[in-house]
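I opened this notebook to keep track of what I looked up, one topic per entry. The entries begin with a helix and move outward to the whole chain.

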Amino acid sequence: MQFPICNDCAKTGVLCPKCADKLKNKEVSEFEIQVFNAIASLESKYNLSEANVDRVVDFGTIAVVLTKGNPGVLIGKGGTIANEISAMIGKRVRVIKILPDVKKTIQEIISPAFLLGINEVYKRDGKYFKLRIKKSKNLIIPETDLKNAFSTLLGGSIILSFE
Ligand SMILES: [Zn+2]
C-alpha cells in the first residue's frame, strides 16, 4: 500500500510528527486520513500490496480516490473493495487513475458530463480556473461540491461555465 502518509499512520489513524506536519500544511486533509484509514483496514482481507492512493477528493456524496496505479486494485471484483470503503466513510466511492493530463482526469471525474475545456482567467483578485462543461442533465455531482473539489485539485478558485 502506498499513501501520501506512512502506512503505520494510515493504519492507526494516529499521526507521527512528519505526517502531522503534512496535515498542518494541508498536504493531506482530515477527510483523506479517514479514507486512508478505511482502506488500510481492509489490508488483511484483500490483496492491497499494489494499492496506490495519491489523493482523495471530497465531492459531497461522492469521494473520488485518485490513484497512480491500477484502479482495479482498489475497486475489487465487482466493486467489493470500493463498496466496503464506501460503507465505512458513508459516501459513494469512485476510483480514478490520475492521468498526466489534468483535463483528462477532470473529464473522468465529471463523466458522463463532458468537459469542453479549462481556461485560466485573471481577475483583480487573482487567477481562476474556468471549467467549461457541456450543458446537459448528466452532472451527477452538485455544483458547489465540484467547485470545492476542483479548487483543491487545481490549487485555485473555480468558475463553472455551462455552455
Ligand atoms: Zn507518519
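Entry 1, a helix and its cover. I began with α3, where I found E32, I33, V35, F36, A38, I39 and A40 to be buried. I note at the outset that this is a predicted model. I then looked up what lies over these buried residues of α3, and the cover includes α1 (7-12), α2 (17-24), β1, β2 and α5 (80-89). For one residue of the helix I listed the contacts: leaving aside neighbours within four places in sequence, V35 is in contact with V56, A63, V65, I85 and I89.

Entry 2, the nonpolar core. I asked which residues have the most contacts inside the largest nonpolar core. That core has 35 residues, and the ones with the most contacts inside it are I5, V35, F36, I39 and V65. Helix α3 (residues 30-40) gives the most to this core, with 6 residues. I also checked the core against the domain bounds, and it draws at least three residues from each of domain 1 (7-97) and domain 2 (102-162). As background I wrote down that, in soluble globular proteins, nonpolar side chains tend to be buried together.

Entry 3, strands β1, β2 and β3. I followed V65 from the core into its strand pairing, where its bridge partner in β3 is V95. Strand β2 is joined to strand β3 (residues 92-97) by 6 bridges, and the two run parallel. On the pairing of β1 with β2, I counted 5 bridges, with the strands running antiparallel, and I noted that V57 stands opposite V64 in β2. These two strands form a hairpin with 2 residues between them, in which G60 takes a positive phi near 75°. Is β2 enclosed or in the open? I found 5 of its 6 residues to be buried, so β2 is largely enclosed by the rest of the structure.

Entry 4, where the two domains touch. The domain assignment of the protein chain gives domain 1 (7-97) and domain 2 (102-162), and their centres, taken over C-alpha atoms, are separated by 23 Å. I looked up the contacts across the boundary and found that 7 residues of domain 1 are in contact with 10 residues of domain 2. On the side of domain 1 that touches domain 2, the elements giving two or more residues are β1 (55-59) and β2 (62-67). Of the elements on that side, β1 gives the most, with 3 residues. By class, I recorded 5 nonpolar, 1 polar and 1 charged residues there.

Entry 5, the hairpin of β4 and β5. I asked how many of the 9 residues of strand β4 (residues 115-123) are buried. The number is 0, so β4 lies largely in the open. It is joined to strand β5 (residues 126-133) by 8 bridges, with the two strands running antiparallel, and they form a hairpin with 2 residues between them. As one pairing in this hairpin I noted L115, whose bridge partner in β5 is I133.

Entry 6, two single residues. I placed L160 in strand β6 (residues 157-162) and found it partly exposed, with 15 other C-beta atoms within 10 Å. Not counting residues up to four places away in sequence, L160 touches L131, I133, E143, L146 and K147. I also took its separation from K68, which is 92 residues in sequence and 27 Å in space, C-alpha to C-alpha. The second residue, A20, is found in helix α2; A20 is partly exposed, with 13 other C-beta atoms within 10 Å. Between A20 and I5 I noted 15 residues in sequence and 9.1 Å in space, C-alpha to C-alpha.

Entry 7, the chain as a whole. The secondary structure comes to 7 helices and 6 strands, and read along the sequence the pattern is α-α-α-β-β-α-α-β-α-β-β-α-β. I compared the radius of gyration with the value for a compact globule: with 163 residues such a globule would have one near 15 Å, and the protein chain has 16 Å, which agrees. Along the principal axes, the C-alpha atoms fill a box of roughly 45 × 40 × 25 Å. Buried residues make up 23% of the 163 residues. Finally, among contacts between residues at least 6 apart in sequence, I noted that 52% join residues at least 24 apart.

Methods. Residues are numbered from 1 along each chain as its sequence is written. This is a predicted model: local features need pLDDT of at least 70, side-chain atom pairs count only at pLDDT 80 or more; totals for chains, interfaces and linings use all residues. Domain bounds come from an automatic or database domain assignment. Helices (H or I, at least four residues) and strands (E, at least two) are DSSP runs, numbered from the N terminus. Ala, Val, Leu, Ile, Met, Phe, Trp, Tyr, Cys and Pro count as nonpolar, Asp, Glu, Lys and Arg as charged, and the others, Gly among them, as polar. The radius of gyration is taken over C-alpha atoms; the globule rule is 2.2 Å times the number of residues to the power 0.38. A residue is buried if 20 or more other C-beta atoms lie within 10 Å of its own, exposed if 12 or fewer, and partly exposed in between; C-beta atoms are placed from the backbone. Two strands pair if DSSP finds at least two bridges between them. A nonpolar core is a set of buried Ala, Val, Leu, Ile, Met, Phe, Trp, Tyr and Cys residues joined through C-beta atoms within 7 Å.
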